[in-house]
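Below are some comments on the helix packing and the core of this model, set out point by point. Please read them alongside the coordinates.

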Amino acid sequence: MTPVLVTGGGGFLGCWIARLLLAEGREVRIFDRSEDRRLAREIVGEAADRLRWIVGDIADAEALARAAEGCGSIVHLAALLTPACAADPLLGARINVIGTLNVFEAARANGISQVAYASSAAVFGPDDGRYPHPVTIYGAFKLACEGCARAYWSDAGIASVGLRPTVVYGPGREVGLTAGPTIACREVVAGRPYVIGYSGRQDLIFVGDVAAAFVAAATGSHRGAHAISLGGEAAEVAEVAAMIAAQVPGARIGFDGPEVPMSSEIAATDAERILGLKPRTTLAEGIALTVAHYRRILGER
Ligand SMILES: NC(=O)c1ccc[n+]([C@@H]2O[C@H](COP(=O)([O-])OP(=O)(O)OC[C@H]3O[C@@H](n4cnc5c(N)ncnc54)[C@H](O)[C@@H]3O)[C@@H](O)[C@H]2O)c1
């Protein structure tokens with residue numbers, strides 16, 4: 001089996017995807033601007049030593065093309081998240097848009113015909129989860145990348161699956177606008193109070209389910225350029241707080257902040273048929289798994 005290149009593989013989703021790929025016996029190359037392997041060790045465990053780690057910037061087309069040499073497919077995750085794109089839209093465009101073009105160019109240069117990339121349910125605005133109409137610069141960049149992926153299929157025959165997860169939560173989700181539910185699990189396990197920084201209703205999906213979808217997208221033999229919405233279970237933030245409190249007696253969790261500018265009712269696309277996915281982890285199960293992870297990790301420290 002040829003290696004899989006995972007850009008942004010040192011981050012939250014990347015570590016979970018690397019864990020599943022390694023468990024399938026695949027060789028994994030990480031391409032990340034960060035050298036920090038703390039999260040990889042936490043999520044992947046001892047097998048993290050088998051990851052080949054290449055430090056580089058996704059905006060550096062030549063370095064990326066070299067990293068992709070000999071790979072059979074690419075999982076592209078490297079990106080700035082919503083707050084960082086809003087703070088510096090030009091830098092966001094360089095990393096999120098030019099970086100994605102660099103991935104497709106690296107695929108073309110190396111004869112790689114399968115790319116799985118992270119889009120986002122942020123392509124939808126706050127009012128509609130069926131027709132993309134982003135209101136954040138981050139969502140606009142993600143939507144632009146979906147169009148570019150379609151062009152690389154028609155111009156260069158590179159097949160792609162763009163996955164649009166809603167709010168991903170679970171062990172390791174500690175940055176971004178919607179990291180609150182996961183950080184709340186960690187903090188209350190440590191005995192500290194926590195205030196989740198958004199309000200309202202959001203759809204949440206457990207990271208293990210998202211990682212499985214990426215692995216199916218990167219290792220199957222798909223034709224065409226697909227953009228697939230990937231939702232889990234919608235809940236008010238107050239319900240999420242109550243579910244965490246049910247796992248950790250005495251937990252003190254509040255919430256305060258703006259509503260997330262993304263619809264909580266994302267229309268289903270054809271993920272099951274295209275990727276053959278299993279039923280999703282329920283929110284209660286996912287929160288229990290997240291709390292159990294932090295009990296283990298904090299107990300070990
Ligand atoms: N977490 C979510 O809820 C969520 C939801 C929808 C889509 N996504 C998308 O999934 C992908 C992964 O998200 P995540 O939650 O794992 O984020 P993360 O911030 O944990 O990981 C991103 C990784 O990309 C790396 N990176 C950033 N800029 C880079 C650059 N210039 N060159 C090379 N590497 C760079 C970072 O070092 C980091 O390791 C992103 O594309 C994100 O937009 C995430």
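1. Helix 7 crosses helix 9 in a right-handed sense. The model is a predicted one, and in it the axes of helix 7 and helix 9 (residues 237-247) come within 10 Å, crossing at roughly 30 degrees. Because angles under 35 degrees count as roughly parallel, helix 7 is described as roughly parallel to helix 9.

2. On the helix 7 side, this contact is built from Pro-181, Ala-184, Cys-185 and Val-188, while helix 9 supplies Val-240, Ala-241 and Ile-244. By residue class, the contact of helix 7 with helix 9 comprises 7 nonpolar residues, with no polar and no charged ones. As general background, an α-helix has 3.6 residues a turn, so residues three or four places apart point the same way.

3. Helix 7 itself, which spans residues 180-189, is mostly covered, with 8 of its 10 residues buried. The buried residues of helix 7 are Gly-180, Pro-181, Thr-182, Ala-184, Cys-185, Arg-186, Val-188 and Val-189, and a charged residue, Arg-186, is therefore listed among them. Just after helix 7, Gly-191 adopts a positive phi of about 85 degrees.

4. A second helix pair deserves a parallel reading: helix 5 (residues 89-109) and helix 6 (residues 137-156) pack with their axes 10 Å apart, at an angle of about 20 degrees. Helix 5 and helix 6 are therefore roughly parallel to each other, and helix 5 passes helix 6 in a right-handed crossing.

5. The residues that helix 5 brings to its contact with helix 6 are Pro-89, Gly-92, Ala-93, Asn-96, Val-97, Thr-100, Leu-101, Phe-104 and Arg-108, and those from helix 6 are Ile-137, Tyr-138, Phe-141, Ala-144, Cys-145, Cys-148, Tyr-152 and Ala-156. The residues of this contact divide into 13 nonpolar, 3 polar and 1 charged.

6. Turning to the interior, which residues of the largest nonpolar core touch the most other members? Of its 100 residues, these are Leu-13, Ile-17, Ala-18, Ala-213, Phe-214 and Ile-244. Helix 8 (residues 207-219) gives the most to this core, contributing 10 residues. In soluble globular proteins, nonpolar side chains tend to be buried together.

7. Phe-214 can be followed further: once its neighbours within four places in sequence are left aside, Phe-214 is in contact with Ile-17, Val-75, Ala-116 and Leu-163. Ile-244 also links two of the points above, being named among the core residues that touch the most other members and among the helix 9 residues that meet helix 7.

Note on methods
Residues numbered from 1 in each chain as written. Predicted model: local features only at pLDDT ≥ 70, side-chain atom pairs only at ≥ 80, totals over all residues. Core = buried A, V, L, I, M, F, W, Y, C linked by C-beta atoms within 7 Å. Buried ≥ 20, exposed ≤ 12 C-beta atoms within 10 Å, placed from the backbone. Helix = DSSP H or I, 4+ residues; strand = E, 2+ residues; numbered from the N terminus. Contact = placed C-beta atoms within 7 Å. Axes fitted to C-alpha atoms, helices over the stretch in contact; angles between N-to-C directions. Parallel < 35°, antiparallel > 145°, perpendicular 65-115°, else oblique. Left-handed = near helix turned anticlockwise from the far one by under 90°.
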